[in-house]
Amino acid sequence: MKIVQKIKYVSTLSLLFFLLFILPLPDIAKGDEDIEKAGDVLQIALPVAAGATTIILQDWEGTLQFAKAFGASWLTAYTLKYAIGKLRPASDHPLSHPSGHTMGAFAGAAFIDNRYGHAFGIPAYALAAFTGYSRVHSDNHFLDDVVSGASISMLWSWFFVTPYGEEKVKSDVIVQKGKPIWRYDWAFGPALLIRNEMTAPTNGGTTFDLDDFEKRDNPTTSAVAQFSVRLKEKHDLWLLINPFESRDKGYFSSPVNFQGVEFPADSLTYSAWRMEELRMGYHYHLFKSGIWDIKLGAGLTAIWTSIKLQTANEQQQAKVKDFVMLPLVNFYLGLNPFEQLAFYLSFEGISISTYRYIDLGGGLLWQFNPYWSARIAYHFIDKDIETDELINHVSYNTLILGVGHTF
């Protein structure tokens, strides 16, 4: 079959996919239930479309690659679900991390993109991203669950899937010197709360610590996803998402004034706290010789924080949202005593006026070939932010396991 004919088949399948699955989707403007139903449809429609494409094109190598990528994604996601046992946001069901719906949708989208190109892959990724949004919006998952579900599928797809008509083994491809080198890193692990003190409003609110509650989500599971690009030999740019979120319940020992609402003592109160961070930055390779690697740089972090309190009888409830953007400086020290192993220390942070942000970490990196790496690391996260809306002092100890891919 000629390439032009195959493209026509892909175009035809894309149209059929749109007509069969997208147009009949519930009207998401009508309400939250329809958004959730749309995600339920897409988690099946996207991998079905991916697999059906290989059959219509008689792309049997693609069929095998999709089966491997989807099977590995499914096995990884559900092994982690049962091993971690994280509770869902709105229930005591213990299979929250990672998101299976997001894993399925991204398995289909990543295969379409890697096998048949960005013209089909980008729309598929958009639909997969909506699936992830639907899981958070419907209170079935935390954002870090979605980040992990998507990352698992993308990484396995990059590992197994090759472009259509180019059945060359990916590990044989040589990164061309002087061209941009892209990289994706995903890491997850337990996050142990040290403190989470807050006051709202800043003037007149009562300071309380969520660490005094029952610790339903402590330790919780966190996830980090980072895209980076090396533009030249010594210049790196990167973008990182690092969400933290917990739901808890407990009792205040004395009355608490939160957002002008009086929460009584000894009354069961539910909390929902969220901190979503989008970090971007620049690294300059200051020194790299022998076993040493030293980087300096700067960046920005955008932090969205929200906290909601509600008594069990729903007579008292209040919510506050806050947003800050802070400059950061960063430092990286790497020690490479062996060809494939490296130890590193890293720091990112700032302390100015009423703002302080620290991410201090260290770990072991294993670069087992030019394109794949794994790491284990410890990071201490500390945020002290005071605005007109909210004072929030939060600290976490995190232990993370990560996988990175260069392409």
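**Exercise 1. Find the residues that ring pairs join into a cluster.**

Ring pairs link F66, F70, F111, Y116 and Y164 into a cluster. Rings of Phe, Tyr and Trp (its six-membered ring) pair if their centres lie within 6.5 Å; planes under 30 degrees apart count as stacked, over 60 as edge-to-face and the rest as tilted.

The model is predicted, so local features need pLDDT of at least 70 and side-chain atom pairs pLDDT 80 or more, while totals for chains, interfaces and linings use all residues. Residues are numbered from 1 along each chain as its sequence is written, and side-chain values use heavy atoms, with hydrogens and water left out.

**Exercise 2. Classify the ring pair of W156 and F159, then that of F213 and F252.**

Step 1. The whole structure holds 24 aromatic pairs. One of them, W156 with F159, is edge-to-face, with 5.8 Å from centre to centre and 90° between the planes.

Step 2. Both residues lie in helix α6 (residues 143–160), 3 residues apart, about one turn of the helix. Helices (H or I, at least four residues) and strands (E, at least two) are DSSP runs, numbered from the N terminus.

Step 3. W156 is partly exposed at 28% relative accessible area, and F159 is partly exposed at 43%. Buried means under 20% relative accessible area, exposed over 50%, partly exposed in between (1.4 Å probe, protein chains only).

Step 4. The ring centres of F213 and F252 are 5.3 Å apart with the planes at 55°, so this pair is tilted. It links distant parts of the chain, 39 residues apart: F213 is in the loop between β2 (208–209) and β3 (220–232), and F252 in the loop between β4 (235–250) and β5 (256–258).

Step 5. F213 is buried at 5%, and F252 is buried at 6%.

**Exercise 3. Check whether the length of helix α5 agrees with its residue count.**

Step 1. The expected span is 1.5 Å times one less than the number of residues.

Step 2. For the 20 residues of α5 (residues 118–137) the expected span is 28 Å, and the end C-alpha atoms lie 27 Å apart, which agrees.

Step 3. Just after α5, D139 has a positive phi of about 70°.

**Exercise 4. Describe the surroundings of K86.**

Step 1. K86 lies in the loop between α3 (60–84) and α4 (100–116).

Step 2. K86 counts as buried because its relative accessibility is 5%.

Step 3. Leaving out residues up to four places away in sequence, K86 touches several residues, among them H93, F142, D144 and T221. Contact means heavy atoms within 4.5 Å.
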